[in-house]
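Hi there,

Here is the structure I promised to pass along. Please have a look at it first, and then read my notes below.

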Amino acid sequence: MAASLQLNFKPLKPRLLHAKPASKTAPKFSSIRCSAATPSKSYTLTLLPGDGIGPEVISVAKNALQLVGSLEGIEFKFKEMPMGGAALDLTGVPLPEETLSAAKESDAVLLGAIGGYKWDNNEKHLKPETGLLQLRAGLQVFANLRPATVLPQLVDASTLKKEVAEGVDLMVVRELTGGIYFGKPRGFGKNENGEETGFNTEVYAANEIDRIARVAFETARKRRGKLCSVDKANVLERRVDEECDGGGGRRRRRGKRTMVVAEKKRTENNANMLTFSVIEWLVLQTQCGEGDVCIHFMLFLIFPIGQSTTNVNLLIECAALLCDNGQASMLWRKIVTNIASEFPDVELSHMYVDNAAMQLVRNPKQFDTIVTNNIFGDILSDEASMITGSIGMLPSASLGASGPGLFEPIHGSAPDIAGQDKANPLATVLSAAMLLKYGLGEEKAAQRIEAAVLDALDRGYRTGDIYSTGLKLVGCKEMGEEVLKSIDSKVAAAV
């Protein structure tokens, strides 16, 4: 990322899952690779093929890196290492220590995909997705860059009208190692009625917000100078000085400030049940004494007079997550707003996440750079991907203050089509281009790959997810071969 955001980012080194070759057939462009001059630079890359279609798309990206390296005088030393479900089957854990160590020692890491039905019922610490969270935390990559660009060749593949999708070019900057995915306390329990509950905590420290905001401002500065910060800060908070049981009893928790969130609208079929959705929320809080927080409800604001209060305790349990998110968003907005004064050339705006989700499909061209927290970024970037025509087209880069970066397509492992040569490898190939650009500072090599992808699309080649009548339907391997041809073409070389 150092090359792009002028931050002190140093890339990661990848590692190979197995020592076996990525393809059983000899590369068609071996003569091209051998014709290159003696490499002047050398990098170690850790490859994490993972699960499902991961090994297929990583194989294509690896070939692209080898070819562009031969043309640019760059030597790549690849290490494949197990991760996710593949690692679970081999070692019993989703992220073996050997894999994490190899990643930390490399110049950059390229990941395929993880997960699958086979491991869905595993305990949380034995799920493939846990390995990914551990990898991000271990590499200390906190900034996730997810571009969403509607290519002219694929504008008709978008589910939106052409006039809406055409020209969309935005970047989602997602905070990656904080928020609800990592916050504590978390777990399962039971409420006072003996009902099972589940809880997570949305929490951000000021420094976590500060550093991701600065990455976003720098990114926007190098694009079109517009930054939209997305949060959910429209939470009404009111302090009540005196203790009050609200007619429904009260509850104390020691040592932690707690709030209760409730929707102001009851369901039609049951006056005792409250639905939780992204609309206007009411927050009530009472200070009951030093060290204590009294959680209570003003029932007349929620139920008609005389209604039963049997669900109040359950509501209190379920509300904790929502109120935590509101408080974290308030801090988020405050810090982002304060940092804006240091970037007078960047136009800052704020948007609530529910509105942002709507605006992305209503008028996506209004966005340049979006910065948001972990969970909102996860959702919004996937939504943005469909504007482009397919999630199989979108790469991502995850970067930290130092050390290697993690590069991966944003699509999943797609177990339903794994091993059938149906996967779209272009998101992974473009992730390899981001690796070159943001991880290694090899701008020219990155441009070769980006231009090659456009050239293959210009020549009409499409995998099933982006196919339109009259074009050439190909599989994962053939699409990879066409990209290799384009990398060596005059079109790619001229970039």
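What follows is a short tour of how helix H3 packs and of the nonpolar cores.

This is a predicted model, so local features need pLDDT of at least 70 and side-chain atom pairs count only at pLDDT 80 or more, while totals for chains, interfaces and linings use all residues. Residues are numbered from 1 along each chain as its sequence is written, and side-chain values use heavy atoms, with hydrogens and water left out.

Let's start with H3 (residues 54-72) and H13 (residues 443-458), whose axes lie 10 Å apart at an angle of about 130 degrees. That makes H3 oblique to H13 (neither under 35, over 145 nor 65 to 115 degrees). On the H3 side, the contact (heavy atoms within 4.5 Å) involves Ala64, Leu65, Val68, Leu71 and Glu72; H13 brings Lys444, Ala445, Arg448 and Ile449. By class, that is six nonpolar, no polar and three charged residues.

H3 also meets H12, with axes coming within 8 Å and crossing at roughly 45 degrees. H3 is therefore oblique to H12 as well. Here the contact has nine nonpolar, one polar and no charged residues, with Leu65 and Val68 among those from H3 and Ala432 and Leu436 among those from H12.

Now the largest nonpolar core (buried residues, under 20% relative accessible area with a 1.4 Å probe, joined through side-chain atoms within 4.5 Å): it has 71 residues, and Leu65 and Leu436 are among those touching the most other members. Its largest share, nine residues, comes from H12 (residues 426-439). A second, separate core of 23 residues includes Leu170 and Phe367.

Best wishes

Terms used. Axes fitted to C-alpha atoms, helices over the stretch in contact; angles between N-to-C directions. Helix = DSSP H or I, 4+ residues; strand = E, 2+ residues; numbered from the N terminus. Nonpolar A, V, L, I, M, F, W, Y, C, P; charged D, E, K, R; others polar. Buried < 20%, exposed > 50% of the residue type's maximum accessible area, 1.4 Å probe, protein only.
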